[in-house]
Protein chains: 2
Amino acid sequence: MPGKQPIQNRRSGCPLNASVEILGDRWSLLIIRDMMLRGFRTYKEFLGSYERIATNILADRLQKLMAHGIITTGRDPSDGRKLIYSLTPKGIALAPVLTEMVLWAAAHEDTANQALVRLMQKDKPRFLAGIRQRWAEKTTR
Amino acid sequence: MPGKQPIQNRRSGCPLNASVEILGDRWSLLIIRDMMLRGFRTYKEFLGSYERIATNILADRLQKLMAHGIITTGRDPSDGRKLIYSLTPKGIALAPVLTEMVLWAAAHEDTANQALVRLMQKDKPRFLAGIRQRWAEKTTR
DNA sequence: CAAGTAACTTGCAATATGCAAGCGACAAAT
DNA sequence: ATTTGTCGCTTGCATATTGCAAGTTACTTG
C-alpha cells in the first residue's frame, strides 16, 4: 500500500469532504466511468463521449486526476502522438462508488443502460470482481 | 414506489451522468451527510457545519435537493421561525453512495473520523441498516 | 514534404461561487 | 407592547469556473 496523499488545504478532515473535493464536479467521474467501463484510454476517445466535454475542461480534469494519483499516463509506443491514460489502483478502487451511484440513479431517475444496471443488481460482488480483473489484465500486460 | 423523475435536459441517459448532474458539486453531498449522519435538520445547523457553506449557496442547494425529491421540509410546530428539513426515501437511499465515498477517501487520503470509518469497514450492512433504522424512527414519529 | 491527426492552449463570454450586508417573520425579554 | 434577538433567507458585487471556438505544436501518413 503506497502512502496516502497529504492533507492539502481541505475545508475539513471528513473523508466525505475529501471525496467531494476530489470528485465533486460534473466531469471527473464520467471520465473515470469511460476508462473503467468503456475501456477508453485516449484524449480523443474521452472527447467523443456522449456528454461532450469541452477540450479545455478535459485537459484540466486529466491533470487533476493525475495530480490526485487516480490516473497515470504514458506514450503509445506504436504512435508517438498518442498518450495512453490508465487507472491506478486508487482509481480502480472507485468502482464501488460508481456502482452505487449508478444503482441509485437507476432506481430513482429515468435512465438508460438497463442492461448494465441489471448486471450490477444481480450480483454486485461479481460485477466488481469483473471490473478489477479486466483492469488487472490490461495493466500487467 | 413513487414514479421516477422525468428525464430533464440531461447530457446523456447514463445513470452515472444523472447522479453526477444531481449530486456533482462541492456541497450537496455534505448537506446530505449532515442530515444522515449528524442528524442536522435546520438551516442554522447546516450553516454551522465544518466546511462553512455560504448562506446563498445553502439556500440554492436546499432548493435543488427539494426539486429532486431528495429532501422535504415542514414548519417546526414548536417554533414558527424554524423549518425542519428531512430526507425522503430517495434521500436515505444515498447511504451506500456516501458510505463508499467515505471508505474510498479513508483508504487513499489522509482523513479524520477513523471511528466512523472503522464502523463502516467492520460491518457495512449493519452500518447501513442502522442509518435506515434511525431515519425510519425519526420520520414515522 | 504536404496534409492530417492527437493532444492540448488561448481568448472570451456566460455562469457559478463566495463573502458581506440586509430583510421580513416570528420569538423572547423587559 | 415594544425593543431586542433569532431564523431563514435574499441581494449586490467581486472572483472563479465553465463552455465554446479557434488556434498551436508535435508527430504520422501518404
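**Exercise 1. Find the rotation and shift that superpose chain A on chain B, and say how the two copies are related.**

Step 1. Chain A superposes on chain B by a rotation of 180° with 0.0 Å of shift along the axis, at an RMSD of 0.0 Å; the fit is by least squares on the C-alpha atoms of residues with pLDDT of at least 70 in both copies.
Step 2. The copies are thus related as by a two-fold rotation axis.

This is a predicted model, in which local features need pLDDT of at least 70 and side-chain atom pairs count only at pLDDT 80 or more, while totals for chains, interfaces and linings use all residues. Residues are numbered from 1 along each chain as its sequence is written, and chains are lettered from A and ligands numbered from 1 in the order in which they are written.

**Exercise 2. State which residues come nearest to DNA strand C, and which element gives the largest share of the surface near this strand.**

Step 1. There are 19 residues around DNA strand C, where near means a C-beta atom, placed from the backbone, within 6 Å.
Step 2. Thr42(A), Tyr43(A), Lys44(A), Asn56(A) and Gly80(B) come nearest.
Step 3. H4(A) gives the largest share, 4 residues.

**Exercise 3. Do the same for DNA strand D, and divide its surface by class.**

Step 1. Of the 19 residues around DNA strand D, the nearest are Gly80(A), Thr42(B), Tyr43(B), Lys44(B) and Asn56(B).
Step 2. H4(B) provides the largest share, 4 residues; helices are DSSP runs (H or I) of at least four residues, numbered from the N terminus.
Step 3. The surface near DNA strand D has 6 nonpolar (Ala, Val, Leu, Ile, Met, Phe, Trp, Tyr, Cys, Pro), 7 charged (Asp, Glu, Lys, Arg) and 6 polar residues (the others, Gly among them).

Key: Helices (H or I, at least four residues) and strands (E, at least two) are DSSP runs, numbered from the N terminus.
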